[in-house]
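Subject: Structure handover

Hello,

Here is the structure I promised to pass on. Please open it first, then read the notes below.

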Amino acid sequence: MRKRLLLILGCLIFIVVGVFVSKKINLNPNYDVGQKIDSLNGIAVYYNGGIGNVDGRALTKDGYNLGLKYQCVEFVKRYYYEELNHKMPNSYGHAKDFFNAQINDGKINAQRNLKQFKNPSKSKPKINDIVVYSETTLNKHGHVAIITNVTENEIEIIQQNSGSFGSSREKYELTSKEGKWQIENNRILGWLRK
């Protein structure tokens with residue numbers, strides 16, 4: 001019985017260490033951490049390796065905090081800063097913290113100085129909106145991405161830090177029911193707009 005318990009404990013430790021290591025290191029030999037893999041309006045998306053990898057903090061010349069290098073938040077804030085000339089009043093926080101569930105649909109999220117829309121919303125998503133994802137068991141910080149295209153039944157997003165083998169682009173079904181638009185992904189909390 002004791003040997004069996006030790007074997008189970010050893011397996012659990014091995015799994016936990018394996019998950020931790022896969023989140024921190026680059027398992028994909030096709031890319032180097034910091035390598036440009038995509039762009040939106042000339043703003044680069046960089047490869048990060050494992051989703052938990054951190055390579056220092058990115059700051060603008062005027063000291064504005066963009067976030068941890070090559071994380072999803074850093075790309076979104078860098079895009080909004082460089083392309084849309086927008087600084088968020090609260091320049092810190094995890095991806096999931098971009099969305100405040102207490103704010104009514106279409107009202108201003110003061111921490112981000114952006115309009116916030118819940119999923120589903122009366123407002124259809126637009127290009128350049130920030131999509132905010134909830135946390136998961138393996139990613140307690142959530143995720144953010146930017147909408148690059150919107151049709152009547154689909155959106156496309158661009159993202160940084162999608163994992164060692166993830167894609168910088170994804171598409172989701174967009175539906176309209178009872179006067180509300182919904183992005184069909186149960187992790188998407190909503191979207192933010194300048």
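This is a predicted model: local features need pLDDT of at least 70, side-chain atom pairs count only at pLDDT 80 or more, and totals for chains, interfaces and linings use all residues. Residues are numbered from 1 along each chain as its sequence is written, and side-chain values use heavy atoms, with hydrogens and water left out.

**Overall layout**

The chain has two helices and 12 strands. Both are DSSP runs numbered from the N terminus: helices are H or I with at least four residues, strands are E with at least two. Reading from the N terminus, the order is α-β-β-β-β-α-β-β-β-β-β-β-β-β.

Of the 194 residues in the chain, 41% are buried. Buried means under 20% relative accessible area, exposed means over 50%, and partly exposed is in between (1.4 Å probe, protein chains only). The accessible surface of the chain is about 10,900 Å², and carbon and sulfur atoms account for 53% of that. These areas come from the Shrake-Rupley method with a 1.4 Å probe; for residues, only the protein chains shown count as cover.

Contact here means heavy atoms within 4.5 Å. Among contacts in the chain with a separation of 6 or more, 51% are between residues 24 or more positions apart.

**The sheet**

Eight strands make an open sheet. Their order is 5-6-12-7-8-9-10-11, and the pairing is antiparallel. Two strands count as paired if DSSP finds at least two bridges between them. Strand 5 (107-109) and strand 11 (180-183) are at the edges. Each has a single partner strand, so one side of each has no neighbour in the sheet. From one strand to the next, the twist averages 40 degrees. Axes are lines fitted to C-alpha atoms, for helices over the stretch in contact, and angles run from 0 to 180 degrees between N-to-C directions.

At one edge, strand 10 (residues 169-177) and strand 11 run antiparallel, joined by four bridges. Lys177 sits opposite Lys180 in strand 11.

Helix 2 packs on the sheet. It touches strand 6, strand 7, strand 8 (143-150), strand 9 (154-158) and strand 12 (188-193). The direction of helix 2 makes about 50 degrees with that of strand 8. Helix 2 is mostly covered, with nine of its 11 residues buried. Among them are Cys72, Val73, Phe75, Val76, Tyr79 and Tyr80, along with the charged-type names Glu74, Lys77 and Arg78.

**The cores**

A nonpolar core is a set of buried Ala, Val, Leu, Ile, Met, Phe, Trp, Tyr and Cys residues joined through side-chain atoms within 4.5 Å. The largest one has 24 residues. Phe75, Tyr79, Phe98, Ile130, Val144 and Ile146 touch the most other members. Strand 2, helix 2, strand 7 and strand 8 each give at least two residues to this core. Helix 2 gives the largest share, six residues.

Ile146 is worth a look on screen. Leaving aside neighbours within four places in sequence, Ile146 contacts Leu40, Phe75, Val76, Tyr79, Tyr80, Asn128, Asp129, Glu156, Ile157 and Ile158. Another core lies apart from the largest one. It has 13 residues, including Phe117, Tyr133, Tyr172 and Trp181.

**The hairpin and the aromatics**

Strand 1 (36-40) and strand 2 (43-46) pair in the antiparallel sense over four bridges. They form a hairpin with two residues between them. Leu40 has Ile43 of strand 2 as its bridge partner. Asn41, in the turn, has a positive phi of about 50 degrees, although it is not a glycine.

There are six aromatic pairs. Rings of Phe, Tyr and Trp (its six-membered ring) pair if their centres lie within 6.5 Å; planes under 30 degrees apart are stacked, over 60 edge-to-face, and the rest tilted. Tyr46 and Tyr70 are edge-to-face, at 5.7 Å centre to centre and 65 degrees between the planes. Tyr46 is in strand 2 and Tyr70 in the loop between strand 4 and helix 2, so the pair ties together parts 24 residues apart in sequence. Tyr70 is buried, at 16% relative accessibility, whereas Tyr46 is partly exposed, at 25%. Phe75, Tyr79 and Tyr80 form one aromatic cluster.

**Backbone points to check**

Tyr70 also has a positive phi, about 70 degrees, though it is not a glycine. The peptide bond from Asn119 to Pro120 is cis, with omega near 10 degrees. Pro120 is in the loop between strand 6 (114-118) and strand 7 (130-133).

Best wishes
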